[in-house]
Amino acid sequence: MENLFFNPTKVIFGRGCVGEYDFSAHGKRCLIVCGGKSARLSGALDDVRNALGKFNIAFSVFDRVEQNPTVETCHAAGEAAREQKAEFIVAVGGGSPLDASKAAAYFAANVHLTPETLYNGECRAKPLPIVAIPTTAGTGSEVTQYAVLTNHRISNKQTLKSPLLFPVTALLDAEYTVTLPPHIANATAVDALSHAIEGYFSKSATTVSDALAEKAMFMIGRALPSLAEGRLDAALRERLLVGSMLGGMVISVTGTSFVHSFGYPLTYYENIPHGEANAYFLPDLLNYAMRVSENRVNRTLRLCGVKTCDEFFELIRRVCPCDKLFEREDAMKYARVGENGASTRRGIYEPTHDDCYDMLRKYIK
Ligand SMILES: [Fe+2]
C-alpha cells in the first residue's frame, strides 16, 4: 500500500479572485495576518478588506509578522485571534505571514499551548481555518501542512507539521507579485524550484509528487533566464505562481531535503533570505544525485532547459549570486547544523559527513 497523495486545500486562481471569493463561508469574524509591507504594497490587503466588508465580516489586522517569524510572534497573533473571537484567519504575504498564520491558528484554538510547548504539546482543538493569499511565488505554504518558524530555543528554524495546518483555500492572483523587488522575486523562485527538485529526489516521492515536480521544474526552470535578466511579464508571473504552488504540493507529500537543512542556518545566523540560502546548496543536490540516479538528474536538467550540472549551476548563480563568504569557524558550524537537520537524510542520496563539510568549504572567506 502506498499513500500517493493527500492535499485538501482548494486552490483558486486568477486575476481578481480575492474580490470574487465568498469569505462568508468561513464565519462572521476573522483576523488578517500579514507583515508590515508587502500585503499593503501589493494591494492584497485592500482587496481583502473590501471583500470582507462586502460580507459584513468583522475583522482586525495583525501586521507584526517579521521576516522569519518567531514562535513568540505567532503566539501573539494567536492571542489576537482569540481576542477578536475570530472564526478564521486570512493570511496575506510571503512565506513568513503564511507560516505564521498557521501557528497562530494552532495557538488560537489551543489555549494551553505556549511558545515553549508548541512543538511538543498536544493539539487538542482543530486550528482555525486559514485562507492563504500569497504575494510571492516561492513558498508554496498556501498548499502545505508546514509552518517553518524561528525558534531561538534551538538557535535555528524549526518546522511545525500537522495535517490540520493545510489552509482551507489558497487564492492565487499573480498581480500581487508585481511589486516584489527583483532580488526577492529571484530568491523566492529558487525556493520554489528547490521544493520541486528536493521532492523529486526524495525517498518519499510518489508517482503523483513526481508528476507535480516535473511540471513545476519546467514552469520555474524555464523562467530562470528571464528572472536573471529582470524581465518578468504578467504571463511569466502567473507561471511562477502556479509553479510555486505545484512545488508546495510536492513537498506536502515528500517534505524537503538537505538543501533546506543547510539553508536554515544561513538564514538564522547570516540573515540570508530563505530562497537565496537554498541557492547556495541546490546545485550540490544535483551533483550528488548523479551518483545514484543519473536518469533523474538528466530529466531535471532537460526540464529546466539546461544540458549539464555546470550549466545549471551557472544559471542559478545568475539568478542568486550567493556571494557571501563566511569565517571558517562559522562555516563549520553551519555544516554541523545542516548535517543534523531534520530533513538532511530524506533524499535518495544521503550526504556523508565529508559531503556536509565540503558543501560549506566552498564559502569560506
Ligand atoms: Fe522553502
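## An exposed loop residue

With 12 C-beta neighbours inside 10 Å, Val-111 counts as exposed, a classification that follows because the cut-off for an exposed residue is 12 or fewer such neighbours. The structure in question is a predicted model, and in this model Val-111 sits in the loop between α5 (95-109) and β5. Although Val-111 and Glu-79 are 32 residues apart along the chain, their C-alpha atoms are separated by 8.7 Å.

## Overall architecture

The chain contains 16 helices together with eight strands, and the C-alpha trace spans about 55 × 45 × 45 Å along its principal axes. For 365 residues, a compact globule would be expected to have a radius of gyration near 21 Å, and the 19 Å found for the chain agrees with that expectation. Of the 365 residues, 55% are buried. When contacts with a separation of 6 or more are considered, 81% of them are accounted for by residues 24 or more positions apart in the chain.

## Two domains and their contact

The chain is divided into domain 1, covering 10-176, and domain 2, covering 182-361, and the C-alpha centres of domain 1 and domain 2 lie 25 Å apart. Across the boundary, 23 residues of domain 1 are in contact with 27 residues of domain 2. On the side of domain 1 that touches domain 2, the elements that give two or more residues are β1 (10-13), β7 (156-161) and β8 (169-172), and the largest share, three residues, comes from β7. By residue class, this side of domain 1 divides into seven nonpolar, 14 polar and two charged residues.

## The nonpolar core

The largest nonpolar core has 116 residues, and those with the most contacts inside it are Val-33, Ile-89, Ala-103, Ala-104, Ala-189 and Ala-196. This core draws at least three residues from each of domain 1 (10-176) and domain 2 (182-361).

The surroundings of Val-33 can be described in more detail. Once its neighbours within four places in sequence are left aside, Val-33 is in contact with Phe-62, Val-65, Ala-77, Ile-89, Ala-91, Pro-97, Ala-100, Ser-101 and Ala-104. Two of the residues in that list, Ile-89 and Ala-91, recur in strand β4, where they are buried on one side of the strand.

## A covered strand and its partners

Strand β4 (residues 88-93) is mostly covered, with six of its six residues buried. In a regular strand the side chains alternate between the two faces of the sheet. Both faces of β4 are covered, since Phe-88, Val-90 and Val-92 on one side and Ile-89, Ala-91 and Gly-93 on the other are all buried.

Strand β4 pairs with β2 (residues 29-35) in a parallel arrangement through five bridges, and within this pairing the bridge partner of Cys-30 in β4 is Phe-88. Strand β4 also pairs with β5 (residues 130-134), again in the parallel sense and over five bridges, and here the bridge partner of Val-92 in β5 is Ile-133.

## An enclosed helix

Helix α12 (residues 282-289) is largely enclosed by the rest of the structure, because seven of its eight residues are buried. The buried residues of α12 are Leu-282, Pro-283, Asp-284, Leu-285, Leu-286, Tyr-288 and Ala-289. An α-helix has 3.6 residues a turn, so residues three or four places apart point the same way. What covers the buried residues of α12 includes α6 (182-200), α10 (258-270), α11 (274-279), α13 (294-303), α14 (309-319) and α16 (353-361).

## Positive phi outside glycine

Asn-56, although not a glycine, has a positive phi of about 55 degrees, and its place is in the loop between α3 (44-54) and β3 (58-65). Asn-56 counts as exposed because 8 C-beta neighbours lie inside 10 Å.

Ser-155 is likewise a residue other than glycine with a positive phi, in this case near 50 degrees, and it is found in the loop between β6 (146-151) and β7. Ser-155 is exposed, with 12 other C-beta atoms within 10 Å.

Definitions and conventions: Residues numbered from 1 in each chain as written. Predicted model: local features only at pLDDT ≥ 70, side-chain atom pairs only at ≥ 80, totals over all residues. Helix = DSSP H or I, 4+ residues; strand = E, 2+ residues; numbered from the N terminus. Rg over C-alpha atoms; globule rule 2.2 N^0.38 Å. Buried ≥ 20, exposed ≤ 12 C-beta atoms within 10 Å, placed from the backbone. Contact = placed C-beta atoms within 7 Å. Core = buried A, V, L, I, M, F, W, Y, C linked by C-beta atoms within 7 Å. Domains from an automatic or database assignment. Nonpolar A, V, L, I, M, F, W, Y, C, P; charged D, E, K, R; others polar. Pairing = 2+ DSSP bridges.
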